[in-house]
Amino acid sequence: MSKRNWALIAATLVSIIYGVTFTIAKDVMPKYIDAFGFIFLRVGGSMLLFWLSTLFVKTEKIEKTDFPRIIAASFFGIAFNMLTFFKGLSYTSPIMGAVLMVTTPMIVLVLSAILIKERMENRKILGILLGLAGTVTLILYGKSMVNAPNAMLGNFLVFVNAVSYGFYLIIVKKLMDKYKAISFVKWIYFFGFLMVIPFGWSEFQAVDWTIVPTSAYLKIGFVVIFSTFLTYLLNLLSMKELKPTTVAVFIYLQPLFASIFAIGLGKDELSWVKIGSALLIFIGIYLVTQKKQTAVSKQ
């Protein structure tokens, strides 16, 4: 099997794990631990796993000039990304959180046009406007009566998370072209952990671990080991062979897996507003990500 096919499989596995994570994380917070305390645990635990793994895998020395990029990746890919996502998920429902995340590929393309001067076509502009319309509709009107105490704020925070992750995908690509993933991801999580300490330490301390059931411990472990440590490695490995936009496109699968898992457990429900908004987002993303057809010249 080619490296590209392995990269596609890795990206698909990431989408499956993230899709399941929406509901699993929702079962733990804020009932047993608040969002920022969960992030403190998630990032801290994953940081330890990444540094322990370097004891068994040979890594490269990071050049000092690359640390500003690593710190930027830590902010957009770890600290700001997770803080907004988990806080947003604690307010909104699993399905709405998953649907809003599919705006990431569109955001990546917009950021690419701004940061690396990629040409924007009329078709892409139309797609961006349709996707934005769907997103705004979800944020303002897509309120869920199931497990969503403050849907509007939650939806907004998840959307901000998608923007942050878009920046991360662009920033980290140059590091992937230069180093092995394990060589710099341990530093991304080190600086990311330092950034989340001021927000998560007090909530982490406030947890009464004596009342946390075994099932919650298992779900926390799943988020740390699979939803964080494993997914970030798989994402970086897939980016070694794929473009940031291609990796981002796999986020389209997350609402499908999240919806199947959440509805199957009776933890969320669909509505026409969600379906219509999601349709606008998918149409917009389809228009944005389609390559321009060029005529084949005769020889």
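**Stop 1: α7 and α8**

Select helix α7, residues 151–178, together with α8. In this predicted model, the two pack at an angle of about 140 degrees. Their axes are 9 Å apart. α7 and α8 are therefore oblique to each other; roughly antiparallel would need an angle over 145 degrees.

Now show side chains. From α7, pick V172, L175 and M176. They meet A181, F184 and I188 of α8. What classes of residue make up the contact of α7 with α8? Six are nonpolar, with no polar and no charged residues.

**Stop 2: the whole chain**

Zoom out and colour by secondary structure. The chain has twelve helices and zero strands. From the N terminus on, every element reads α. The chain has 299 residues, and 52% of them count as buried. Take the contacts between residues at least 6 apart in sequence: 91% of these join residues at least 24 apart.

**Stop 3: α8 and α9**

Keep α8, residues 181–205, and add α9, residues 214–239. Two packed helices are described by the angle between their axes and the distance between the axes. For α8 and α9, the angle is about 135 degrees and the axes are 11 Å apart. This pair, therefore, is oblique too. The crossing of α8 and α9 is right-handed.

Select the contact residues next:

- On α8: A181, I182, F184, V185 and Y189.
- On α9: T228, Y232, L233 and L236.

Colour this contact of α8 with α9 by class. Eight residues are nonpolar, one is polar and none is charged.

**Stop 4: I182**

Centre on I182 in helix α8. Is I182 buried or exposed? I182 has a relative accessible area of 10%, so it is buried; the cut-off for buried is under 20%.

Measure from I182 to L236, C-alpha to C-alpha. The two lie 8.9 Å apart in space and 54 residues apart in sequence. Then show what I182 touches, leaving out residues up to four places away in sequence: F50, S53, T54, V57, K58, T59 and L233.

**Stop 5: α3 and α8**

Hide α9 and bring up α3, residues 67–91. The axes of α3 and α8 come within 8 Å. They cross at roughly 40 degrees. α3 and α8 are therefore oblique to each other; roughly parallel would call for an angle under 35 degrees. The crossing of α3 and α8 is right-handed.

Select both faces of this contact:

- On α3: F67, I70, I71, A73, S74, F75, I78, A79, M82, L83 and K87.
- On α8: F184, W187, I188, Y189, F191, G192, M195, V196, F199 and E203.

How many residues of each class does the contact of α3 with α8 have? There are 17 nonpolar, two polar and two charged residues.

Look back at F184. F184 is listed in the contact of α8 with α3, in that with α7 and in that with α9.

**Stop 6: N235**

Return to α9 and select N235. N235 is buried, with a relative accessible area of 8%. Which side chain does the side chain of N235 make a polar contact with? It is that of Y165, at 2.7 Å.

**Stop 7: T21**

Go to helix α1, residues 3–28, and pick T21. T21 counts as buried because its relative accessibility is 2%, and buried means under 20%. Draw a distance from the T21 side chain to the backbone oxygen of I17. A polar atom of that side chain lies 2.7 Å from the oxygen.

Now show the other residues in contact with T21, setting aside neighbours within four places in sequence. They are K26, F222, V223 and S227.

**Stop 8: D34**

Finish in the loop between α1 and α2, where D34 lies. D34 counts as partly exposed because its relative accessibility is 35%; partly exposed falls between the limits of 20% and 50%.

Select F204 as well. How far apart are D34 and F204 in sequence and in space? They are 170 residues apart in sequence, and 7.8 Å apart from C-alpha to C-alpha.

Key: Residues numbered from 1 in each chain as written. Predicted model: local features only at pLDDT ≥ 70, side-chain atom pairs only at ≥ 80, totals over all residues. Heavy atoms only, no water. Axes fitted to C-alpha atoms, helices over the stretch in contact; angles between N-to-C directions. Helix = DSSP H or I, 4+ residues; strand = E, 2+ residues; numbered from the N terminus. Parallel < 35°, antiparallel > 145°, perpendicular 65-115°, else oblique. Left-handed = near helix turned anticlockwise from the far one by under 90°. Contact = heavy atoms within 4.5 Å. Nonpolar A, V, L, I, M, F, W, Y, C, P; charged D, E, K, R; others polar. Buried < 20%, exposed > 50% of the residue type's maximum accessible area, 1.4 Å probe, protein only. Polar contact = N/O pair within 3.5 Å; in protein donor to acceptor, adjacent residues only side chain to side chain.
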